[in-house]
Amino acid sequence: MNDTSKSPMAQRRIVLVLIAAIAGALVGYGLFLAVGPAGPQSGTIGATGVAQVGGPFELIDHDGQPVTDEDFKSKHMLVYFGYTTCPDVCVIDMLKLTDTLKRMGDKADRLQPVFISIDPERDTPAALKEFMSRFPLSIKGLTGSLEQVDQAAKAYKVYYAKTPADEDGMYYMDHSNYFYLMDENGGFVTFFASDRTPESIAEELLKAVS
Ligand code: NI
């Protein structure tokens, strides 16, 4: 491998990662304000939690079929927002989810993981399907119009923003990267921040779905 550490591309990537980290911290703080003592670390919201996380959405799945939040209510839903051309964190998180599902064994069937694109301009159902094929088949990729995706992201208090395009028209999406656990009624249960290991997420998910 060449030493790319000083290339403008690499520097750009570092800046983007820093921006994403700061944005993530801000969203975490927003969640902290919304959910109280659970704070920016992952945590369970008690019965008194008033967080308004989640809500109705209408999207298109990776097979091109329209779906709404109602379609997922027979199971607990684990919701993640990202995009398929993400240079790093989305793939890392999907691999973490893969490991988590494996650790849940048969009970992973009780969970419906969804990956909602915040980059619907590039993430067509076909692009999403290709990306999802790298991970367990149970994970459903969802996309939609800009408005549909924005509505879903707002419901989940997700931060995302398009970076300015470079001279080749290439752009990145800054986005928060939490997993949101919802119950069978679409109610918010908890969220998992990137500090969590697959082992500890699986343990908490097993308790939730049992
Ligand atoms: Ni990403």
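1. I begin with K129, which has a relative accessible area of 42% and is therefore partly exposed, the partly exposed class lying between the 20% and 50% limits. This residue belongs to a predicted model, and the remarks below should be read with that in mind.

2. The partner of K129 is D63, with which it forms a salt bridge whose closest N and O atoms are 2.6 Å apart. The pair links distant parts of the chain, since D63 sits in the loop between strand 2 (58-61) and strand 3 (66-68), while K129 lies in helix 3 (residues 125-132), 66 residues away. D63 also counts as partly exposed, because its relative accessibility is 42%. Side chains of opposite charge can pair when their charged atoms come close.

3. The structure holds 9 salt bridges, and two others deserve a comment here. The side chains of E70 and K73 meet at 3.1 Å, N to O; E70 is exposed, with a relative accessible area of 52%, whereas K73, at 26% relative accessibility, counts as partly exposed. Salt bridges that share partners join D69, E70 and K73 into one network. In the pair formed by E204 and R196, the closest N and O atoms are 2.8 Å apart, and both E204 and R196 are buried.

4. Turning to helix 4 (residues 146-155), its buried residues are V149, A152, A153 and A155. Seen down the helix axis, these buried residues fall within an arc of 160°, and therefore they line one face of helix 4. The face turned away from that buried side carries the exposed residues E147 and K154.

5. What do the buried residues of helix 4 pack against? Their partners are strand 2, strand 4 (76-82), strand 5 (111-117), strand 6 (140-143) and strand 7 (160-162). Strand 2 also borders the loop that holds D63, the residue paired with K129 in point 2. Just after helix 4, K157 takes a positive phi of about 55°, a backbone value that a colleague may wish to look at in the model.

6. For the chain as a whole, there are 5 helices and 10 strands, and buried residues make up 44% of its 210 residues. Among contacts between residues at least 6 apart in sequence, 72% join residues at least 24 apart. The accessible surface comes to about 10600 Å², of which 57% belongs to carbon and sulfur atoms.

Definitions and conventions: Residues numbered from 1 in each chain as written. Predicted model: local features only at pLDDT ≥ 70, side-chain atom pairs only at ≥ 80, totals over all residues. Heavy atoms only, no water. Helix = DSSP H or I, 4+ residues; strand = E, 2+ residues; numbered from the N terminus. Buried < 20%, exposed > 50% of the residue type's maximum accessible area, 1.4 Å probe, protein only. Contact = heavy atoms within 4.5 Å. Areas by Shrake-Rupley, 256 points an atom, 1.4 Å probe, with all protein chains shown as cover. Salt bridge = Lys/Arg side-chain N within 4 Å of Asp/Glu carboxyl O. Arc of directions from axis to C-beta.
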